[in-house]
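Me: I would like to learn how to read a few features of a protein model, starting with burial and moving outward to the surface. Could you take me through them one at a time?

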Amino acid sequence: MFSEKRTPISELVKGIPDRPLREPALVLLACLFNVFQIYQLSVSLTQTPIVDPWMGEYWLIMVMGTVSALIGWYVAFSIILLIGAGVVYFLNRRAGGALILVISIIGILVGFVSFGMGFMLGMNAMRIIIGFLSPIFGLIAGISGVRAQKPPTTQEAQEII
């Protein structure tokens with residue numbers, strides 16, 4: 001017996017969900033790493049001594065400014081990742097995956113700045129690992145979001161039932 005349907009039964013049996021869960025879960029894990037990175041940077045910011053700019057210790061002022069900028073970056077990175085996860089979950093998987101992928105590539109580049117700050121503020125292996133784990137999870141989520149969506153079948157398929 002033949003059946004003409006738009007969606008092949010083999011795809012219905014697989015149970016392809018309408019809303020993906022892998023990419024938002026990876027983004028939430030990356031955001032968790034970002035929160036930990038924000039905590040570490042804020043602790044190191046509070047432990048730097050107060051500097052009088054007229055004393056000539058400008059490198060401490062530059063370090064404090066860079067750490068403050070990194071904290072702002074990680075907050076913005078988390079917000080953009082969450083927006084991308086929302087786009088993946090609610091609207092379009094490829095568009096959200098592309099947003100997550102682009103911001104994660106920028107996050108890897110900023111991770112090298114965080115790596116340099118790790119050397120300046122005291123070598124901490126956890127800071128270095130966390131600094132690169134968050135963008136790597138974002139890259140994985142972005143790549144799987146861009147590659148996962150299959151184009152819908154517009155032609156009718158015949159299957160034997």
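Reply: Buried means under 20% relative accessible area, exposed means over 50%, and partly exposed lies in between, with a 1.4 Å probe and protein chains only as cover. By that scale N34 counts as buried because its relative accessibility is 0%. The model is a predicted one, in which local features need pLDDT of at least 70 and side-chain atom pairs count only at pLDDT 80 or more, while totals for chains, interfaces and linings use all residues. Residues are numbered from 1 along each chain as its sequence is written, and side-chain values use heavy atoms, leaving out hydrogens and water.

Me: Where is N34 found, and which residues does N34 touch beyond those up to four places away in sequence?

Reply: Helices (H or I, at least four residues) and strands (E, at least two) are DSSP runs numbered from the N terminus, and N34 is found in helix α2. Contact means heavy atoms within 4.5 Å; on that basis N34 touches Y74, F77, S78, L81 and S134. A polar contact is a pair of N or O atoms within 3.5 Å, where within protein one must be able to donate a hydrogen and the other to accept it, and residues adjacent in sequence count only if both atoms are side-chain atoms. The side chains of N34 and S78 are joined by such a contact, of 3.1 Å.

Me: Which residues touch the most other members of the largest nonpolar core?

Reply: A nonpolar core is a set of buried Ala, Val, Leu, Ile, Met, Phe, Trp, Tyr and Cys residues joined through side-chain atoms within 4.5 Å. The largest one has 23 residues, and V27 and L81 touch the most other members. At least two residues of this core come from each of α2 (22-47), α3, α4 (93-120) and α5 (125-148), with α3 giving the most, 10 residues. Leaving aside neighbours within four places in sequence, V27 is in contact with L81, L82, A85, I100 and A141.

Me: Which residues form a nonpolar patch on the surface?

Reply: Patches are made of residues with over 30% relative accessible area and no salt bridge (a side-chain nitrogen of Lys or Arg within 4 Å of a carboxyl oxygen of Asp or Glu), with like charges joined within 9 Å and nonpolar side chains (Val, Leu, Ile, Met, Phe, Trp, Tyr) within 5 Å. Here V75, I79, I83 and L99 form the patch, with about 310 Å² of accessible area together, as given by the Shrake-Rupley method with a 1.4 Å probe, for which only the protein chains shown count as cover for residues. Helix α3 (residues 58-91) gives the most to the patch, with 3 residues.
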